[in-house]
Amino acid sequence: MAFSARIVPFILLLLLVGSAARPLYPLPGRRNDRSKQPLQTFRPYNIAHRGSNGEIPEETAVAYMRAIEEGTDFIETDILASKDGALICFHDVILDDTTDIAKHKEFVNRKRTYEVQGMNTTGYFTVDFTLEELKSLRVKQRFPFRDQQYNGKFSIITFEEFISVALDAPRVVGIYPEIKNPIFINQHVKWPGGKKFEDKFVETLKKYGYKGDYMSKQWLKQPAFIQSFAPTSLIYISNLTDLPKIFLIDDVSMPTQDTNQSYWEITSDKYFDFIKDYVVGIGPWKDTIVTVSDNYLRSPTDLVARAHAYNLQVHPYTFRNENKCLHFNFSEDPYNEYQYWINKIGVDGLFTDFTGSLHQYQQWTTPFSSGEESASKLLDKIALMISKFRNS
């Protein structure tokens, strides 16, 4: 009774102060799961495509940390493997376009030609380098029209280092890793005991506590989507983890990389009815949802409506702010593009190179819902009040 008499006035006082005060969060080093602001689930997900790579070279720790600062819900990454079986965050199977490999004369004899997704590709492949060698390289900006000042400053990171960035965030930030080119990786990298790329991928997630189906208590604590262009990989790992999975869909001219199915087949009602047992959504290239001609958007297809009919989420890629990446319909304004895709097309998440602009748009148009905000603030205030009581 004495405890109640002391605690009630504190709660009333805190509630009266309300939203006018700055949220009172513990210091980062003292955080625990209960005090972290939860993942928002009331509006489309802001998915930081390879981090905030519109500003900082892709797939680097700094790009991911920047995206977290800018308000992302999920940090997205591509997972490949090194020669010695380490899982790394890197988009291309070759190192040529986004590292300084050309400056490393000690690796001049490592250039190879391999078949990748049915095409001969020549370059310096991640699978021909150990993790230590890959760590000696420095990353550079992919696109020449973007800021080049960070070239050569950051290294390739591992899957585990990527996870650490998410878990160290001051609020709950989800991860969105892709099983990248699994056919190619399994051909060139071998793990002890006959394990596959997919096995090592899921083992890493389990090691760091990622588990639970979509929107479960476990999932909300450490949210994760697993994505792949390879349906056989998604089906295989469905026996290894209950984490939600997203089936990525390429341009209409590109078949699946493992089953060689056409776009028309994998977006048919029959296939959606089949794949819905393994995935919670699809991640299509946005130009497959709305057709484009002469850089103008034309009529939307029924892809989103049909996916939603099978209870599949739709997370299209990739949204970029630069004028050359915006269709003429949007008058060089990325906010107009967000408005179109969120409100007219009705997507459930967006892969963006510019997390900050998408976050600002959503904060202006659909700010944190009053119910979730009140509950979150109340939990924060009660946690702070209890900690003060215990120390008094």
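1. Two strands pair if DSSP finds at least two bridges between them. Strand β11 (residues 290–293) and strand β12 (residues 296–300) are joined by 3 bridges, so they meet that cut-off and count as paired. The two strands run antiparallel. This is a predicted model, and every point below should be read with that in mind.

2. The β11 and β12 pair is a hairpin, with 2 residues between the strands. D294 sits in the turn and has a positive phi of about 55 degrees. Across the pair, S293 stands opposite Y296 in β12.

3. Now the other hairpin. Strand β4 (residues 112–116) is joined to strand β5 (residues 119–123) by 5 bridges. These strands also run antiparallel. Here too, 2 residues lie between the strands. In the turn, Q117 takes a positive phi of about 50 degrees. E115 has N120 as its bridge partner in β5.

4. Q117 deserves a second look. Besides its place in the β4–β5 turn, Q117 is listed among the residues closest to the centre of the largest pocket. That pocket has a volume of about 1300 Å³. Its lining counts 48 residues, and the others closest to the centre are H91, K180, F229 and D250.

5. Which elements supply at least two residues each of the lining of the largest pocket? They include both strands of the Q117 hairpin, β4 and β5. β2 (74–81), α5 (182–188) and β9 (245–249) do so as well. By class, the lining is mixed: 19 nonpolar, 14 polar and 15 charged residues.

6. Helix α6 spans residues 197–207. Which of its residues are buried? They are F197, E198, D199, F201, V202, T204 and L205. The list holds E198 and D199 beside F197, F201, V202 and L205. Just after α6, G209 has a positive phi of about 85 degrees.

7. Finally, the whole chain. The protein has 14 helices and 14 strands. It has 392 residues, and 50% of them count as buried. Its exposed area is about 18600 Å², with 53% supplied by carbon and sulfur atoms. Take the contacts between residues at least 6 apart in sequence: 69% join residues at least 24 apart.

Conventions: Residues are numbered from 1 along each chain as its sequence is written. This is a predicted model: local features need pLDDT of at least 70, side-chain atom pairs count only at pLDDT 80 or more; totals for chains, interfaces and linings use all residues. Side-chain values use heavy atoms; hydrogens and water are left out. Helices (H or I, at least four residues) and strands (E, at least two) are DSSP runs, numbered from the N terminus. Buried means under 20% relative accessible area, exposed over 50%, partly exposed in between (1.4 Å probe, protein chains only). Contact means heavy atoms within 4.5 Å. Accessible areas come from the Shrake-Rupley method with a 1.4 Å probe; for residues, only the protein chains shown count as cover. On a 1 Å grid over the protein atoms alone, a cavity is a set of points where a 1.4 Å probe fits but cannot get out, and a pocket is an open set with protein on both sides within 12 Å along at least five of seven lines; lining residues have an atom within 4 Å of a point. Grid points are joined across faces, edges and corners, and a volume is the space filled by probe spheres set on the points. Ala, Val, Leu, Ile, Met, Phe, Trp, Tyr, Cys and Pro count as nonpolar, Asp, Glu, Lys and Arg as charged, and the others, Gly among them, as polar.
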